[in-house]
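Hi,

Here is the structure I promised to pass on to you. Have a look at it first, and then read my notes below.

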Amino acid sequence: MNPLRSLILAAAGNDTIRGAVATAPLSRDVVARFVAGESAADAVLTTRKLVADGLRVTLDHLGEDTTDTRAAEDTVRAYVTLLHALAIDGLTEHAEVSVKLSAVGQKLDERLALDNAARICAAAQAAGTTVTLDMEDHTTTDSTLDILTSLRRDHPQTGAVVQAYLRRTEADCRALAGAGSRVRLCKGAYAEPESVAYQDRAEVDRSYVRCANVLLAGAGYPMFATHDPRLIRIVDDRARWHDRKPGRYEYQMLYGVRPAEQRRLAGAGETVRVYVPYGVQWYGYLMRRLAERPANLAFFARALMGRK
Ligand SMILES: Cc1cc2nc3c(=O)[nH]c(=O)nc-3n(C[C@H](O)[C@H](O)[C@H](O)COP(=O)(O)OP(=O)(O)OC[C@H]3O[C@@H](n4cnc5c(N)ncnc54)[C@H](O)[C@@H]3O)c2cc1C
């Protein structure tokens with residue numbers, strides 16, 4: 001892994017650095033670039049603006065690795081409140097939610113995580129929208145796919161996520177490419193060992209293209225989560241190859257990352273969904289975004305020094 005990335009990811013776990021960043025006067029401006037805010041009202045406001053710009057949204061209530069049942073319950077309630085607010089505002093045609101199973105108790109008890117996720121799926125269905133299950137580190141992949149299978153019995157529209165850096169993912173794509181299956185393909189964001197994951201960026205990219213081909217050739221609904229201009233060009237080309245018109249697949253990008261490209265693609269008739277995180281636990285998320293790209297770090301440093 002890039003040493004700068006390792007350093008920032010280490011800072012993400014350091015309480016002293018966390019305190020300094022959270023209280024720095026200009027941190028809020030930096031956070032606002034990547035995070036919609038701390039409340040459901042902030043999330044709805046940001047969604048309204050993005051939808052007005054022709055974009056779709058998937059909302060993530062920040063928080064993961066829940067270690068007690070009360071925190072898992074709080075997460076479920078936060079999603080139910082949010083889904084209700086989105087429905088009242090008439091936004092659920094264009095906005096769904098993304099859920100991390102670790103935030104609803106996966107590490108405590110798989111059954112609890114399934115029950116909690118099912119409650120969020122039911123609230124989403126009542127609101128007229130869907131849930132996508134984010135994918136976390138490789139030790140959770142089997143458990144997450146098993147829970148997905150259970151959820152899809154009552155909520156077949158529940159979305160899966162697969163990570164191109166995992167060696168297993170091309171096979172997972174074949175299993176998930178059936179009719180009606182919503183599948184997000186991303187590169188993968190965790191530090192994974194060579195035994196399970198490609199380490200070389202070019203290998204990850206090649207895996208992404210192979211997986212994209214499998215999903216486009218299948219009967220499901222592929223969702224291509226990437227900011228990578230080369231992969232976007234390749235997906236665009238392969239979509240035509242497989243006779244997929246815009247609307248029969250979508251692109252997804254993170255809030256605050258390549259916003260001009262998001263609007264360009266939407267303007268060209270593509271379906272583009274923006275992943276919008278919100279909530280008080282923004283620190284770890286922000287650190288992962290900074291670790292991904294040195295340019296983001298420069299923006300952050302300038303803001304902290306008051307020169308943004
Ligand atoms: C909607 C969405 C959902 C996701 N869900 C998950 C998930 O559930 N599980 C998971 O493990 N990971 C998830 N990820 C994260 C993903 O796995 C990657 O870590 C992340 O998207 C970075 O990979 P990339 O494909 O964007 O390309 P990178 O390899 O990060 O970048 C490739 C190229 O993209 C361009 N680029 C990237 N960032 C920027 C930027 N800030 N500004 C300008 N150009 C840029 C540059 O040209 C760069 O060289 C998700 C990502 C998105 C977009």
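**What I found**

The protein has an accessible surface of about 14000 Å², and 53% of that belongs to carbon and sulfur atoms (areas come from the Shrake-Rupley method with a 1.4 Å probe; for residues, only the protein chains shown count as cover). Before you go further: this is a predicted model, where local features need pLDDT of at least 70 and side-chain atom pairs count only at pLDDT 80 or more, while totals for chains, interfaces and linings use all residues. Residues are numbered from 1 along each chain as its sequence is written, and side-chain values use heavy atoms, with hydrogens and water left out.

The protein has 308 residues, and 52% of them are buried (under 20% relative accessible area, with a 1.4 Å probe and protein chains only). You'll find 13 helices and 8 strands; these are DSSP runs numbered from the N terminus, with helices being H or I of at least four residues and strands E of at least two.

Now for the ligand. Which residues come nearest to it? Of the 25 around the ligand, they are Met-135, Lys-187, Gly-188, Thr-226 and His-227 (a residue is near if one of its heavy atoms lies within 4 Å). By type, the shell splits into 11 nonpolar, 6 polar and 8 charged residues.

Have a look at the polar contacts too (pairs of N or O atoms within 3.5 Å):

- Gln-163 has a polar side-chain atom 2.9 Å from an oxygen atom of the ligand.
- Arg-184 puts a polar side-chain atom 3.0 Å from a nitrogen atom of the ligand.
- Ala-189 uses a polar backbone atom, which is 3.0 Å from a ligand oxygen atom.

On its own the ligand would expose 950 Å², and the protein buries 83% of that.

Three strands each supply at least two residues of the shell: β4 (160–163), β5 (182–186) and β7 (250–254). The largest share, 3 residues, comes from β7.

So what surrounds β7? This strand is largely enclosed by the rest of the structure, because 5 of its 5 residues are buried. In a regular strand the side chains alternate between the two faces of the sheet. In β7, Glu-250, Gln-252 and Leu-254 are buried on one side, and Tyr-251 and Met-253 are buried on the other. Strand β6 (residues 221–225) pairs with β7 in the parallel sense over 3 bridges (two strands pair if DSSP finds at least two bridges between them). One place to look is Phe-224, whose bridge partner in β7 is Tyr-251.

Cheers

Terms used:
Polar contact = N/O pair within 3.5 Å; in protein donor to acceptor, adjacent residues only side chain to side chain. Nonpolar A, V, L, I, M, F, W, Y, C, P; charged D, E, K, R; others polar. Buried < 20%, exposed > 50% of the residue type's maximum accessible area, 1.4 Å probe, protein only.
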